[in-house]
Amino acid sequence: MKHWINQHTLVWRLVLARICRNKLATLLIWAVIGIALCLPAILYVIIDNVNQLAGEVKNEPQISVFMKLDADKATVANIKSLLEKHSGISNLKFVSKDSAWKAMQDSALTDNIAANLKHNPLPDAFFIQPKAHAPSAIDQLQHELQTLEGVEHVLADADWAKRLYSILELGKKAVWVLSGLLGFALVTIIGNTIRLQILTQREEIEVSKLIGATDGFIRRPFLYAGTLYGLGGSLAALLFVNGIITIFNLSVADLAELYGSSFILALPDWQISLGITACAVALGWLGSYIAVNRSLARLNPH
Amino acid sequence: MIRFDQVSKRYPGSDEALRGVSFEIAQGELAFVTGHSGAGKSTLLKLMAAIERPSSGTVLIGNQNVSKLRPRIVPYMRRKFGLVFQDHKLLYDRNCFENVALPLYINGVTGQEAAKRIRAALDKVGLLGKEKAMPITLSGGEQQRLAIARAVVSRPSILIADEPTGNLDETYAADIMALFHAFRQVGVTVIIATHDAHGINSIPGKMLHLDHGKLTVS
């Protein structure tokens, strides 16, 4: 056990000394890895945020049924009783054209508009909350209502949410593809860096191997270095992501204010941060493992 | 201790470096491997240290068949040997102390225990005052002695040296040979490959003479 600890502290000291000797090169590698990682991370954070924004909307899908302007009271009452009995509807609210008109005149926002109008342009309307929230169920209900006698137009709020969702799905796929590509790039970058280090330490590796070093012994400092590159790179990435999102937020807050919202992009939470770090460390380890194994294979006895 | 039985070694694309070599070296014996350059001396030593594998025949080191060793075991096998290479193979980016430390670190010996043994090894080869010096600042003879210190620091039971006096003048060469003789006297099996006869005559030992890969024992 003491042997084991001794050996590992020795290796860590060696690796840290090497990093200290090549400060600039190490910083550059960290920056490169950081940039490679922060691209998908930022995209993910934005999509995650928009997703949450959409989630708030999704929770209360609403279907608005607007009657034809010339629909008479009997038709409206008929539809009302039909909707009240409908099994797919959990809540129904009827707003008659008169009450809507009155509300419009009373409202401070729209009384100007109302004053300029000579007669009531508003139709009778039903506002429905469906029981099922799935887009397909809402779709079906919307089509069913559209066919009713005296109905002018059925508007499902879910429509734009659905479009947003498909865009978000696409965005998520983009994050995966981008992560995959840049993860591969990361393995290559770290592997190549380690390969160059191996070249400069070829003599040491060769001698160590000749006097009885196991592959594990030779591999260890490079694996640690690769892991450290991954770790430093992921910390750089988190710094970049948090910095960039904070800068974005200045503008996002302005934009959101124009829409009367206080929406800002949330910074990545600790799970995401930990995930990025773990991925980078694992990829750094993998990259250096591949690089060292390739050069070790050349030194084995034949 | 070391037994070669009808060992041949052929490198791809070249003639046989060794042909049907058989001999035995007992524990604590000193053996010289002689012959002109290209006679297969280095190959013979490499086969002993499991750096190369024989094309045919068996190499036994302490009852272990080197050619049948699993790759995983090879490093542990090599730790039984102290190797002095033809070209020293010193690491020029670290000082004498750290050069000698390498085999100990590989064996997992560090700290005070390692320092003690490194200084003992340096003392034995007369380089104790130079532990902080970089190898490049040492003379050829001193570099060779440093290489020997590195080979003996982990107290191997077999010491193998390839042309240890190759580039040295006579006085240095005699020094080095005396050093090997001293190790032999404390029970270490010593095998030395050399192409010149300097210093050999003064030290008793088994002679393995190679001629174009064929062995003549005297």
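Let me begin in chain B, where strand 1 (residues 2–10) and strand 2 of chain B pair in the antiparallel sense over six bridges, two strands being called paired if DSSP finds at least two bridges between them. Strands here are DSSP runs of E with at least two residues, and helices are runs of H or I with at least four, both numbered from the N terminus. Please keep in mind that this is a predicted model, in which local features need pLDDT of at least 70 and side-chain atom pairs count only at pLDDT 80 or more, while totals for chains, interfaces and linings use all residues. Residues are numbered from 1 along each chain as its sequence is written, chains are lettered from A and ligands numbered from 1 in the order in which they are written, and side-chain values use heavy atoms, with hydrogens and water left out.

Within that first pair of strands, B:Ile2 stands opposite B:Ile25 of strand 2 of chain B. The sheet they belong to is an open one of four strands in chain B, with the order 2-1-4-5 and antiparallel pairing. Strand 2 (16–25) and strand 5 (64–65) of chain B are at its edges with a single partner strand each, so one side of each is left without a neighbour in the sheet. Helix 1 (residues 41–48) of chain B lies across strand 1, strand 2 and strand 4 (56–61) of chain B, at about 60° to strand 2 of chain B; such angles run from 0 to 180 degrees between N-to-C directions, with axes fitted to C-alpha atoms, for helices over the stretch in contact.

Turning to chain A, there is again an open sheet of four strands, with antiparallel pairing and the order 2-3-1-4. Its edge strands are strand 2 (89–95) and strand 4 (151–156) of chain A, each pairing on one side only, and neighbouring strands are turned by 20° against each other on average, direction ignored. Strand 1 (residues 63–67) of chain A pairs with strand 4 of chain A over five bridges in the antiparallel sense, and A:Ile63 has A:Ala156 as its bridge partner there. Helix 3 (residues 73–85) of chain A packs on this sheet, touching strand 1, strand 2, strand 3 (125–130) and strand 4 of chain A, where contact means heavy atoms within 4.5 Å.

Elsewhere in the sheet, four bridges join strand 1 of chain A to strand 3 of chain A, with A:Val65 partnered by A:Phe126. Strand 2 and strand 3 of chain A are joined by six bridges, and A:Phe94 stands opposite A:Phe126.

How do the two chains meet, and how many residues does each give to the contact? Chain A gives 18 residues and chain B gives 23 residues. Together they bury about 2,000 Å², 63% of it on carbon and sulfur atoms; buried area is the accessible area (1.4 Å probe) that two parts lose on being put together, summed over both.

Two salt bridges are found across this interface, a salt bridge being a side-chain nitrogen of Lys or Arg within 4 Å of a carboxyl oxygen of Asp or Glu. B:Lys89 and A:Glu206 meet in a salt bridge at 3.5 Å, N to O. Helix 1 (2–21) and helix 8 (202–210) of chain A are the elements that give two or more residues to the side of chain A that touches chain B, and helix 8 of chain A gives the most, with seven residues.
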